[in-house]
Amino acid sequence: MKAILVEDSTHILSVGQSEKPVINKNELLVKVKAAALNRADLLQKRGLYPPPAGASSILGLEMSGVIEEIGTDVEGWKKGDRVFALLPGGGYAEYVTIPAAMAMRIPENLSFEEAAAIPEVFLTAYLNMFWLGNLQKGETVLVHAGASGVGTAAIQLAREAGANTIVTAGTAEKRELCLSLGAGVAIDYKEGPFSTKVLEATAGKGVNLILDFIGAPYWEHNIDSLATDGKLILIGTMGGAKVNEVNLSKLLFKRIQVIGTALRSQSVDRKVQLTKDFSDFALEKFATGRLEPIIDSVWDWEHVNEAHKHMEQNKNAGKIVLRVN
Ligand SMILES: NC(=O)c1ccc[n+]([C@@H]2O[C@H](COP(=O)([O-])OP(=O)(O)OC[C@H]3O[C@@H](n4cnc5c(N)ncnc54)[C@H](OP(=O)(O)O)[C@@H]3O)[C@@H](O)[C@H]2O)c1
């Protein structure tokens with residue numbers, strides 16, 4: 001089959017040949033129509049984020065497509081059904097195998113490109129805000145990089161759960177997008193410490209939950225932005241991973257919980273349960289248009305290097321999608 005391969009010394013990507021995967025009795029073989037980019041792909045092609053044991057070494061954490069073969073123990077699916085799913089790897093390819101329990105049916109109103117833009121960012125936002133963050137109606141979540149793929153998903157899911165969202169984002173257009181999706185306040189983090197604005201917006205109380213992808217440079221201001229009993233969920237370290245000085249007494253004083261998490265390395269059972277919970281909460285909302293994947297751009301997969309560059313330069317607001325030809 002065709003797949004995107006990485007040239008190890010230059011990290012340049014190109015369409016080449018790879019072995020077509022084979023299903024087991026609980027799996028589906030899917031002919032991929034679209035895949036979407038993630039920051040993890042940028043790291044993996046440079047050898048900085050190896051795939052978990054047993055996963056394909058091909059890039060790609062999510063895809064949409066059409067069922068082509070069905071495992072002997074699988075029920076409820078037929079050839080030709082349109083599906084989308086999270087993957088541990090392998091999405092930048094003509095074919096993938098997925099556990100049938102992780103397949104989600106594409107709502108009729110969504111294209112393959114739209115469906116491929118959903119799994120990684122929406123499941124990440126769902127896992128972190130609801131399973132780990134226990135975000136409740138009326139509470140407030142601070143989402144950094146609000147116009148990112150995960151950010152745009154988080155804003156919409158928080159809105160649907162009746163929670164308030166404050167975001168940070170680097171350009172006026174990105175902040176506008178966040179507000180249009182339901183964020184109540186959008187902060188320009190380049191204008192000064194975001195914690196001052198967060199405390200102003202919450203009458204000095206702070207937020208109940210923070211989704212942070214930036215890491216070290218935001219540590220101090222994150223702690224200052226949290227309310228008593230607040231939770232800081234660390235999902236990425238785009239700004240750096242090492243904090244030089246940590247004042248632990250602030251954590252005790254405010255009874256703060258700090259949680260580090262990664263979706264990719266979770267067990268299949270946990271991902272199946274997460275997919276099921278998310279589907280129950282969200283698929284009907286996608287079908288009626290209440291939730292929408294936010295797509296920055298769609299590229300034919302021959303242009304995968306340009307698509308990666310677009311993400312590397314932080315130019316995207318929402319997801320970058322590859323059309324698999
Ligand atoms: N742990 C997990 O399970 C998991 C799962 C999925 C994603 N992630 C992580 O979540 C993060 C977001 O992923 P994504 O795909 O949603 O990203 P994305 O759509 O590519 O957006 C990332 C945005 O972050 C902002 N940014 C980048 N570097 C920054 C810095 N040093 N300081 C402040 N802002 C910065 C930029 O927006 P501005 O212009 O607003 O600065 C950039 O456009 C990544 O770190 C990714 O690895 C983690």
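In the predicted model, the radius of gyration of the protein is 20 Å, which agrees with the value near 20 Å that a compact globule of 325 residues would have. Along the principal axes, the C-alpha atoms fill a box of roughly 55 × 45 × 35 Å, and the secondary structure of the protein comprises 10 helices and 15 strands.

The ligand takes up the space of the largest pocket. Among the elements of the protein, those that contribute two or more residues to the shell around the ligand are α3 (119–132) and α4 (149–160). The ligand is surrounded by 24 residues, of which the closest are Val150, Gly170, Lys174, Tyr189 and Leu263. When the residues of this shell are sorted by class, 12 are nonpolar, nine are polar and three are charged.

Polar contacts to the ligand involve both side-chain and backbone atoms of the protein. Lys174, already listed with the closest residues, has an N or O atom in its side chain at 2.7 Å from an oxygen atom of the ligand, while for Ser148 the distance between a side-chain N or O atom and an oxygen atom of the ligand is 3.4 Å. In the case of Ile235, a backbone N or O atom is found 3.0 Å from a nitrogen atom of the ligand. Of the 930 Å² of accessible area that the ligand has on its own, 87% is covered by the protein.

How values were computed
Residues are numbered from 1 along each chain as its sequence is written. This is a predicted model: local features need pLDDT of at least 70, side-chain atom pairs count only at pLDDT 80 or more; totals for chains, interfaces and linings use all residues. Side-chain values use heavy atoms; hydrogens and water are left out. A residue is near a molecule or strand if one of its heavy atoms lies within 4 Å of it. A polar contact is a pair of N or O atoms within 3.5 Å; within protein, one must be able to donate a hydrogen and the other to accept it, and residues adjacent in sequence count only if both atoms are side-chain atoms. Accessible areas come from the Shrake-Rupley method with a 1.4 Å probe; for residues, only the protein chains shown count as cover. On a 1 Å grid over the protein atoms alone, a cavity is a set of points where a 1.4 Å probe fits but cannot get out, and a pocket is an open set with protein on both sides within 12 Å along at least five of seven lines; lining residues have an atom within 4 Å of a point. A molecule sits in a cavity or pocket if more than half of its atoms lie within 2 Å of its grid points. Helices (H or I, at least four residues) and strands (E, at least two) are DSSP runs, numbered from the N terminus. Ala, Val, Leu, Ile, Met, Phe, Trp, Tyr, Cys and Pro count as nonpolar, Asp, Glu, Lys and Arg as charged, and the others, Gly among them, as polar. The radius of gyration is taken over C-alpha atoms; the globule rule is 2.2 Å times the number of residues to the power 0.38.
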